[in-house]
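Me: I'm new to this structure and would like a close look at one part of it. Could you pick a single residue, walk me through its surroundings, and then link that to the rest?

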Amino acid sequence: MTQETVFEESSGNVFADLGLTNADELFTRGQIGIQVLRLLKQRHLKQREISEILGIPQPFVSHLMKGEFQRFSEGKLLILLKRLDTQYKSVKEIK
């Protein structure tokens, strides 16, 4: 006797699919966090340098680099993204 595999189409938000009550917030944090992470990885910075640029302690940089976005509020992640953008514009103007 074989069982037929059942697939369910995703809503696009894995947190909502799991039935979590704060799914939209978790999804937004993830999106912002991934963007911050991408920008940091493109710059090939050391955690100490990231700590200085973002103004957060090194242990928080470690959490960020591991994708532990739940440790940061949506607002804090937006601040970090803005700091990266501001830092990038400053460096670009110097060149």
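Reply: Let's begin with a term: pLDDT is the predictor's confidence in each residue, on a scale from 0 to 100. You need it here, as this is a predicted model. The protein's average pLDDT is 88, and 89% of the residues score at least 70. Helix H4 (residues 58-65) has the highest confidence, with a mean of 95, while helix H5 (residues 74-94) has the lowest, with a mean of 78. Where pLDDT is low, the predicted coordinates shouldn't be read in detail.

Now for the close look. Let's take Arg29, which you'll find in helix H2 (residues 23-43). Is Arg29 buried or exposed? Buried: its relative accessibility is 13%, and it counts as buried because the cut-off is under 20%.

Which residue does Arg29 pair with in a salt bridge? That's Glu25: the two side chains meet with N and O 2.5 Å apart. Arg29 and Glu25 are four residues apart in helix H2, so about one helical turn separates them. Glu25 itself counts as partly exposed, at 32% relative accessibility. In this pair, then, Arg29 is buried, whereas Glu25 is partly exposed.

Next, look at what Arg29 touches farther along the chain. Setting aside neighbours within four places in sequence, Arg29 is in contact with Phe69, Gln70, Phe72, Ser73, Glu74 and Leu77. Take Ser73 from that list: it sits 44 residues from Arg29 along the chain, yet their C-alpha atoms are separated by 7.3 Å.

Leu77, another contact of Arg29, leads us to the largest nonpolar core. This core has 15 residues, and Leu77 is among those with the most contacts inside it, together with Val36, Leu40, Leu54, Leu64, Leu80 and Leu84. H2, helix H3 (47-54), H4 and H5 are the elements that give two or more residues to this core. The largest share comes from H2, with five residues. For one example of the packing, try Leu40: not counting residues up to four places away in sequence, it touches Leu45, Ile50, Leu54, Leu64, Met65 and Leu84.

Leu64 brings us to H4, where Val61, Ser62, His63 and Leu64 are buried. Just after H4, Gly67 takes a positive phi of about 80°. Then there's Glu68, in the loop between H4 and H5. What does the Glu68 side chain meet? A polar contact of 2.7 Å joins it to the side chain of His63. Glu68 also forms a salt bridge with Arg71, with the closest N and O atoms 2.9 Å apart. Arg71 is partly exposed, with a relative accessible area of 48%.

How many salt bridges does a search of the whole structure find? Three. You've met Arg29 with Glu25 and Glu68 with Arg71; there is also Glu52 with Arg48, at 3.5 Å from N to O. Glu52 and Arg48 both lie in helix H3, four residues apart, or about one turn of the helix. Here Glu52 counts as exposed, at 57% relative accessibility, and Arg48 is exposed too, with a relative accessible area of 52%. Compare that with where we started: Arg29, in its own salt bridge with Glu25, is buried at 13%.

Conventions
Residues numbered from 1 in each chain as written. Heavy atoms only, no water. Buried < 20%, exposed > 50% of the residue type's maximum accessible area, 1.4 Å probe, protein only. Contact = heavy atoms within 4.5 Å. Core = buried A, V, L, I, M, F, W, Y, C linked by side-chain atoms within 4.5 Å. Salt bridge = Lys/Arg side-chain N within 4 Å of Asp/Glu carboxyl O. Polar contact = N/O pair within 3.5 Å; in protein donor to acceptor, adjacent residues only side chain to side chain.
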